[in-house]
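Biologist: I am new to this structure and would like to go through it slowly, asking of each term why it applies. Could you show it to me first?

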Amino acid sequence: MSEKLNNERVAEILEEIGDMLEILGESVFKVNAYRRAAENIRGLGRDLESMVQDGTIFTIDGIGKAIGEKITELVTTGRLEYYEKISQEVPHSLLEMLKIPDMGPKRVKAVWKALGVQTIEELEEAARSGKLAGLPGFGPKISAKILAGIEERKRASSVDRIPLIEVWPLAEMVKEGLSDLPGIRIEVGGSFRRRKDTVGDLDFLVSADDPEAAVEKFCSLPIVEKVLLKGSKKASVLLRGSLQGDLRVIEPSRWGTALQYFTGSKEHNVQLRELALKKGFSLSEYSFKAVEGSEEILCAEEEDVYRFLGLPWILPELREGRKAIEEALKGTLPDVVDVEDLKGDSHVHTFWSDGMSSIEDMVLSAHRKGLSWIAITDHSATLAVAGGLDADRLKAQMKEIDDINQNQSKVRVLKGVEAEILADGTIDVPEDLMGELDVIIGAIHLSMRQTEEEITKRYLKAIRHPRVHIIAHPTGRLMGQRQGMNANWEVVFEEAARTGTILEINANPYRLDLPDYLAALAKEKGCLFSIGSDAHRPSHMEFLDFGVSVARRAWLGKERVVNCWKLDHLLEWLKDKPNRL
Ligand code: DGT
Ligand code: CA
Ligand code: CA
């Protein structure tokens, strides 16, 4: 059985073609055509297969004849000759190499052609032997930076947890694959349901009329690479990408206890069991059982489990052991922020710097997402690699934003910038221009290897700046690539709280920064938060949901998250910063 190519897979293939063409040195125009097509397919909301059948595929924005025909071939045959051909030319491992900092397509091509380097291991070898430094366009400094990037990546990926976003499509595919079983009910439990930023494995809970048929079907799904264990009511498999998937088939009358148990966390379960014992019952995945006597209580729904213990149902994101049960008993669990509470996106890029789309496209995307404002925050001049804006271009962009706001009133566009916090803590945007901007995000992208003390000082200086409103992705971590900077976070957060400087929860699923535990600490200190998608294309605005999960896991209510405020109130708050210093 050949695997059905869903929209996401087609988009991935087109994107890979774009990357390969870029490495081959093809024109920006051609490369971007593939990326744009991938982007538009992601935002489609319709199954490609039906669009191929009725020919409407060619009406999708940005999909011309050549790419439309390739998509048709992919969807109808499950293969694409062109893709296979250039995959022969460009080794797939080179695409991985693009993820190393300082390795853009030109450099990847250079090491491949000049040194025959095809993998990250070979790149490391070339850097260590000094060969890399000798290559034109590299030199000792860049070679050392690349080596440091490789080492950082190894360290960060040695913990073999997978970012939530990467397992999301797999979970969806399993759910879809089992959806036609008679009497099916399916839920993904574990860290996935608790929306942790990374997961170790996926835990599927299923009830169905025929349990053995469910196990059979699960084990023979096309995305299953290997069956590790198969019983009559459970199974463990390796899914594509070596991610483990565990399946449990549950009797409907015991669904509640099982879902509760397999959602975890372990700490939360231990605490619940202790509470049950105090009431004279032992709690297991199957039921409550009286410690004395033979009474057994089944729970068909998770609410029943909590109710039996005298608790309200607890959101999965709050089940990390931290005082959740204590607060639930007191009735003081927080009313945490919800995706629907967001009114705007505070961090958005466009092709004015390194984004892929126009301001208008981002406006449309925000409208689709139900937002009423966005802040356009392209990079500032120092970040030249990302096409950062100098004063003149920033002014030109502001003019364009004025025009867009005049021409439509659905989504108010704020003028912003993601400004560099330079190594000494100064901001790289001219003072006189700052006054014309609605919002300034301060960010560290350069000199990230300073000591903890230096980073702390640098942040404190930025936080004390009268016009720096938000601190972007404070740790700078990139999952699987680098661990991020250390600072004395208590001190930094205290100063942010004192000055009303907002801390970002960057919602890019490889960042999620602040991470949940630091956001929780910042909450203790009294800080405010913004959730920014850091979108570089329209579909990235969906990332906001991941940011909300982090906020929920940090127990943030909507009063703490400025995206939920009335816009007028927020703008006043930003303008008023000098008075809080
Ligand atoms: P992960 O997979 O490492 O991201 O984290 P979880 O939380 O998904 O953990 P996992 O897959 O080992 O187990 C799923 C849930 O099953 C877990 O959250 C709680 C429950 N569980 C598993 N093992 C134990 C255990 O030894 N004791 C208790 N109380 N619960 C357990
Ligand atoms: Ca798990
Ligand atoms: Ca598991």
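Modeller: Let me begin with a term: donors are N, O and S atoms within 2.8 Å of the metal, or within 3.2 Å for Na, K and Ca, and sites may look incomplete because water is not among the atoms. What you see is a predicted model, in which local features need pLDDT of at least 70 and side-chain atom pairs count only at pLDDT 80 or more, while totals for chains, interfaces and linings use all residues. Residues are numbered from 1 along each chain as its sequence is written, chains are lettered from A and ligands numbered from 1 in the order in which they are written, and side-chain values use heavy atoms, with hydrogens and water left out.

Biologist: What makes Asp201, Asp203 and Asp246 the residues that coordinate the calcium ion (ligand 3)?

Modeller: Their OD atoms lie at 2.2 to 2.9 Å from the calcium ion (ligand 3), with Asp201 listed twice, and as the limit for Ca is 3.2 Å, atoms at these distances count as donors. Along the sequence, the donor residues of this ion follow the spacing D-x1-D-x42-D. Asp201 also bridges the calcium ion (ligand 3) and the calcium ion (ligand 2), and the two ions lie 3.8 Å apart.

Biologist: Why can the pair Asp201 and Asp246 be said to tie together parts that are 45 residues apart in sequence?

Modeller: Asp201 lies in the loop between strand S3 (198-199) and strand S4 (202-207), whereas Asp246 belongs to strand S7 (residues 243-249), so the pair joins parts 45 residues apart in sequence. Strands (E, at least two residues) and helices (H or I, at least four) are DSSP runs, numbered from the N terminus.

Biologist: Why is Asp246 called buried?

Modeller: Buried means under 20% relative accessible area, exposed means over 50%, and partly exposed is in between, using a 1.4 Å probe and protein chains only. Asp246 has a relative accessible area of 19%, and therefore it counts as buried.

Biologist: How do you know which residues surround ligand 1?

Modeller: A residue is near a molecule if one of its heavy atoms lies within 4 Å of it. There are 16 residues around ligand 1, and the closest are Arg161, Ser191, Arg194, Gly200 and Asp201. Helix H11 (190-193), helix H13 (255-263) and helix H14 (266-278) each supply at least two residues of this shell.

Biologist: What makes the approach of Tyr261 to ligand 1 a polar contact?

Modeller: A polar contact is a pair of N or O atoms within 3.5 Å; within protein, one must be able to donate a hydrogen and the other to accept it, and residues adjacent in sequence count only if both atoms are side-chain atoms. An N or O atom in the side chain of Tyr261 is 3.5 Å from a nitrogen atom of ligand 1, while polar side-chain atoms of Arg194 and Asp201 each lie 2.9 Å from an oxygen atom of ligand 1. Taken alone, ligand 1 exposes 590 Å², of which the protein buries 73%, with areas from the Shrake-Rupley method.

Biologist: Where is Ser265, and what kind of peptide bond joins it to Gly264?

Modeller: Ser265 is in the loop between H13 and H14, and the bond between Gly264 and Ser265 is cis, with omega about -5°. Another cis peptide bond joins Asp513 and Leu514, with omega about 10°, and Leu514 sits in the loop between strand S16 (502-506) and helix H22 (516-524).

Biologist: Which sign does phi of Arg195 have, and is this residue buried or partly exposed?

Modeller: Phi of Arg195 is near 55°, a positive value in a residue other than glycine. Arg195 lies in the loop between H11 and S3, and it counts as partly exposed because its relative accessibility is 24%. Trp555, which is not a glycine, also has a positive phi, about 65°; this residue is found in the loop between helix H23 (544-553) and helix H24 (567-575).

Biologist: Why is Trp555 called buried?

Modeller: The relative accessible area of Trp555 is 7%, so the residue is buried.

Biologist: And why does Val491 count as partly exposed?

Modeller: Val491, in helix H21 (residues 489-499), has 31% relative accessibility and is therefore partly exposed. Its C-alpha atom is 9.7 Å from that of Lys457, although the two residues are 34 apart in sequence.

Notes
Accessible areas come from the Shrake-Rupley method with a 1.4 Å probe; for residues, only the protein chains shown count as cover.
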